[in-house]
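Visitor: I should like a short guided account of this chain, beginning with its strands. Please show me the model.

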Amino acid sequence: MSKKKSHSKQNSKETKRPVTLIAGVFFIVGMAVLGGFYFEQNTKITDVDFTGHHFTSTEELEATIAEITPVGMMADSVDFGLLINSVSSLPYIVEVNVTMGYRGKLQFNVTERKPLALLMDGSKRSYVSEGGVKLPIIPEKAEDVPLVYGFAAEPLSDTLKTDAFSQVEEFLTAARENRFGWITISEVAWNEREGVVALTAENGVKLLFGHSDFETRLKHWQAFYGEVISTKGIEAFTQIDLRFRNQVVTKE
């Protein structure tokens, strides 16, 4: 009986040791996490920095928080929501993430909208991004994008939300993914009867893409270019209609 009792006590000790060890590990890790959190929240902010921006200048970004600067404040006293909203008010900024850097430097990591096309509205011009958001033109940072006609370029605060622009946006997005369409198309417009209409960068040939299925029709355009235009020359055509399922109708 004594042997059995002795054997039972030994198992009990062996069982308790790993549990005690695991509990100790969790305690140490927990203290490390809490310590890091405490350190971060009680860090004095000494500087701010911005990354991820191209169209937006550092001076513009700094100006948005000039009156609510967190420099000199303790991290747990900063209204980060107010800072993020202020930076996000700039037209190109779509997202802002804030992290604490080394020695109290507050890091603003921004994501910008990218121009999808250049709106041509008489003498007025503006870029437009996905979602119909209008963006100001920055001359020294010009983008090589298609020209789009038929939509108001101003005011910048007005987002394009019409069905017509939705079709144009869908077409431009598909063309950008296709790449061949992106480099061979220079101008885009829309009308009720023909849908999306584009002009080729070479010779200004009219291309009819209709109202939908743009990914497929861009593939047809690429195939037609490779099989026919590469042989006959683009100058042989004045209009190419890609709206039909199994054929391409041309005017020469």
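Visitor: How many residues lie between β8 and β9 in their hairpin?
Guide: This is a predicted model, in which local features need pLDDT of at least 70, side-chain atom pairs count only at pLDDT 80 or more, and totals for chains, interfaces and linings use all residues. Residues are numbered from 1 along each chain as its sequence is written, and side-chain values use heavy atoms, without hydrogens and water. Strands are DSSP runs of E of at least two residues, numbered from the N terminus, and two of them pair if DSSP finds at least two bridges between them. In the hairpin of β8 and β9, the number of residues between the strands is 3.

Visitor: Which residue in β9 stands opposite Glu187?
Guide: Strand β8 (residues 185-191) runs antiparallel to β9, and 6 bridges join them. Opposite Glu187, in β9, stands Leu199.

Visitor: Why is strand β9 largely enclosed by the rest of the structure?
Guide: Buried means under 20% relative accessible area (1.4 Å probe, protein chains only). Strand β9 covers residues 195-200 and is largely enclosed because, of its 6 residues, the number buried is 5.

Visitor: What percentage of the 252 residues in the chain is buried?
Guide: The chain has 12 strands. Across its 252 residues, the buried portion is 34%.

Visitor: What share of the contacts with a separation of 6 or more comes from residues 24 or more positions apart?
Guide: A contact means heavy atoms within 4.5 Å. Of the contacts in the chain with a separation of 6 or more, residues 24 or more positions apart account for 50%.

Methods
Helices (H or I, at least four residues) and strands (E, at least two) are DSSP runs, numbered from the N terminus. Buried means under 20% relative accessible area, exposed over 50%, partly exposed in between (1.4 Å probe, protein chains only).
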